Each structure stands twice: as C-alpha cells, then as structure tokens.
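Morning, everyone. Please have the sequence and the 3D view open while I talk. I'll go through the cavities, then the whole chain, then a few residues.

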Amino acid sequence: MDAAERLPLPPLAPGVLRTIHPLWIQQVLIYAALFVVACVLMALDDRTFLGVSVWLKPAKFSASLMVYFMTLAWCAAFAELRFLESLPGRMLAWAAVAMAAGEIVYIFIMAGLAQPSHFNYSSSWTSLAYSLMGVGATILVGVSLVLGIVIGWQRRARLGDPLVLSVVLGLVLTFALGGGFGGYLGSQGGHFVGGTGTDAGGLPMFSWNRFGGDLRVAHFFGMHAMQVIPVFGVLFRNRSRGVLWLLTCTLAYAGFTAFTFVQAVSGEPLL
C-alpha cells in the first residue's frame, strides 16, 4: 500500500484524543488520580496482605486501567466517527467504563478492609462479588475484541498497512490471551503454583513470585497485547515486507505469553 493512502498515525496527546473519545480520556485522568491516591495510602498505611501493602493492588489496577483506557482512546481513532457516536458505539464505551468502575471500587473497599478482593470465598457476599468481578473482566476484554472487529471491518481495505493490522491484532489478542489466561487464573484458588505463597520478595513493581509459578504473568502479557502489538506496527510500517515482520513478531509475542503460562503451571517462576 502506498504511504499516501495510509491512515495517519493518531496522536497520543490527551487533548487531541479527547476530541476523538472524550469519555475514555476522562477515565484516563480518573485512574491517574486514583493511582496517586493509592500510592499516598501506601506511604501512610503500613498494613500488609500476602507480604505487600494492602494498597499495592489498587495502585496496580489503577495504573492498568489508566493505560487500558488510553489505549482504547488511541485505537478509537482508527474507527469511523459514525460508529463511535452511534448507539452501539456509546454502549460499548459505557460498558468498559461501568465494569472498570465496579472493579476498582470493590478493590479499594477490600484494600481498606485489609481483605483480598480476588479469590475471596470467606462469605457468600465476597464469593458473589468475586464472580461479578470475573464477569466484569470478561466484558472489559470483550470491549477490546468488539473494537478490534469493528476497526478490522471498517478498515478492511487498509489491512495491508502494518499499523492498522497491528491495532486489530492487538485488540483481538488481548481478548484471546488476556481473557483466556485470565479466565484460567480466575478459576484457580489463587495465583501461586508452588513457591512460598506470599508476594513478599517478588519481582519489583509486579510482586510476581520468584520462588514458584505465578499465573499473573501470562495474564499480564496477554492483557498488554493491545499496547505491544501496535508498537510493532509502528516500527515496521515503512519497511518492506512490513506485514510479514509484524505477523512474525506477533506470533513470537503470543508464543512468549503462552510460554510464561506453561512455565507458571509447571511451578516455575518467570525469573
């Protein structure tokens, strides 16, 4: 495809993306603020759970949701405006917002109570809440799948552009890998496979277990396919055989993510 025929690279500035999808950019700002709140609470509250601050999970989820909505807003620039402004487009946008809000509110509440938000079967209420979190997480990755399908269909004549193809692949793989490995993780009694059964001494920032398997690793890499794969699209957009390079790197990333899952279920740490 001739470079002149390609879609322009959407800008990353929040002020510009706000004109494309104001709702999702508002969520970016909200979760950035919540991340700061969680970090302040970590500094002020010395309570721990599984060897780490009770506020570490709210901080990590706030950061993750901030990146999630920024990515969705950027990817939305590849969709046609008429879809984003249509009833299905608005329903898709609000579905992501509602599910993310429900998850983060519950995570903050349970952190304040110094109780786990995940794998908490201590009462019928917490068991129900955890099941609802699973439904919410499925909808969140489902939003990426639907947006990827919409972009792929609307830009089907431009899928020869590595950037456009990478956006579609990244969104779809987030559902397949992030949702798939997340579903397996959620069906287990916890994220540990062997090891010490504590997050203390885990990998810095992530607290992934360094003494046994950790099912969060594959889920993490799967969830972030929507950011990683488009990077490949940008890198290979102006190279000869850019699509081939993109597909090769995408396959390698999916293979690496699958490897971390096999590694975890075998009781082996990432590092």
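**Cavities, chain and chosen residues**

Let's start inside: the largest cavity holds about 40 Å³ of space. Keep in mind that this is a predicted model.

Which residues line that largest cavity? Going up in number, they are Leu203, Trp208, Asn209, Arg210, Asp214, Val217, Pro269, Leu270 and Leu271. Sort that lining by class, and you get six nonpolar residues, one polar residue and two charged ones.

How many cavities of 30 Å³ or more does the structure hold? Two. The second largest has about 30 Å³ of space. Around it you find Asp214, Val217, Thr260, Gln263, Ala264, Glu268, Pro269 and Leu270. Some of those names should sound familiar. Asp214, Val217, Pro269 and Leu270 appear in both linings.

Which element gives the largest share of the second lining? Helix H10 does, with three residues. By class, this lining has four nonpolar, two polar and two charged residues.

Now step back to the whole chain. You can count 10 helices and four strands. Starting at the N terminus, the order is α-α-β-β-α-α-α-α-α-β-β-α-α-α. The chain has 271 residues, and 46% of them count as buried. Its accessible surface is about 12800 Å². Carbon and sulfur atoms account for 71% of that surface.

What about contacts along the chain? Take those between residues at least 6 apart in sequence. Of these, 72% join residues at least 24 apart.

Next, single residues. Find arginine 237. It sits in the loop between helix H9, residues 225-236, and helix H10, residues 242-265. Is arginine 237 buried or exposed? Its relative accessible area is 12%, so arginine 237 counts as buried; the cut-off is under 20%. What does its side chain meet? The side chain of aspartate 161, through a polar contact of 2.6 Å.

Stay with aspartate 161 for a moment. Its C-alpha atom is 7.2 Å from the C-alpha atom of valine 243. Along the chain, those two residues are 82 apart. Valine 243 belongs to helix H10. Leaving out residues up to four places away in sequence, valine 243 touches Gly160, Pro162 and Leu165. How accessible is valine 243? The value is 26%, and buried needs under 20% while exposed needs over 50%, so valine 243 is partly exposed.

Another valine, number 172, gives us a second case. Look for it in helix H7, residues 162-186. Its relative accessibility is 30%, so the label is again partly exposed. Check one distance here. From the C-alpha atom of valine 172 to that of leucine 147 is 8.5 Å. Those residues are 25 apart along the chain.

Last stop: glutamine 227, in helix H9. Which side chain does its own side chain contact? That of histidine 224, in a polar contact of 2.6 Å. Set aside neighbours within four places in sequence, and glutamine 227 is in contact with Val67, Tyr68 and Thr71.

To recap, we saw two cavities of 30 Å³ or more. We also met a buried arginine 237 with a polar contact to aspartate 161. Thanks, and over to your questions.

Technical notes. Residues are numbered from 1 along each chain as its sequence is written. This is a predicted model: local features need pLDDT of at least 70, side-chain atom pairs count only at pLDDT 80 or more; totals for chains, interfaces and linings use all residues. Side-chain values use heavy atoms; hydrogens and water are left out. Helices (H or I, at least four residues) and strands (E, at least two) are DSSP runs, numbered from the N terminus. Buried means under 20% relative accessible area, exposed over 50%, partly exposed in between (1.4 Å probe, protein chains only). A polar contact is a pair of N or O atoms within 3.5 Å; within protein, one must be able to donate a hydrogen and the other to accept it, and residues adjacent in sequence count only if both atoms are side-chain atoms. On a 1 Å grid over the protein atoms alone, a cavity is a set of points where a 1.4 Å probe fits but cannot get out, and a pocket is an open set with protein on both sides within 12 Å along at least five of seven lines; lining residues have an atom within 4 Å of a point. Grid points are joined across faces, edges and corners, and a volume is the space filled by probe spheres set on the points. Ala, Val, Leu, Ile, Met, Phe, Trp, Tyr, Cys and Pro count as nonpolar, Asp, Glu, Lys and Arg as charged, and the others, Gly among them, as polar. Contact means heavy atoms within 4.5 Å. Accessible areas come from the Shrake-Rupley method with a 1.4 Å probe; for residues, only the protein chains shown count as cover.
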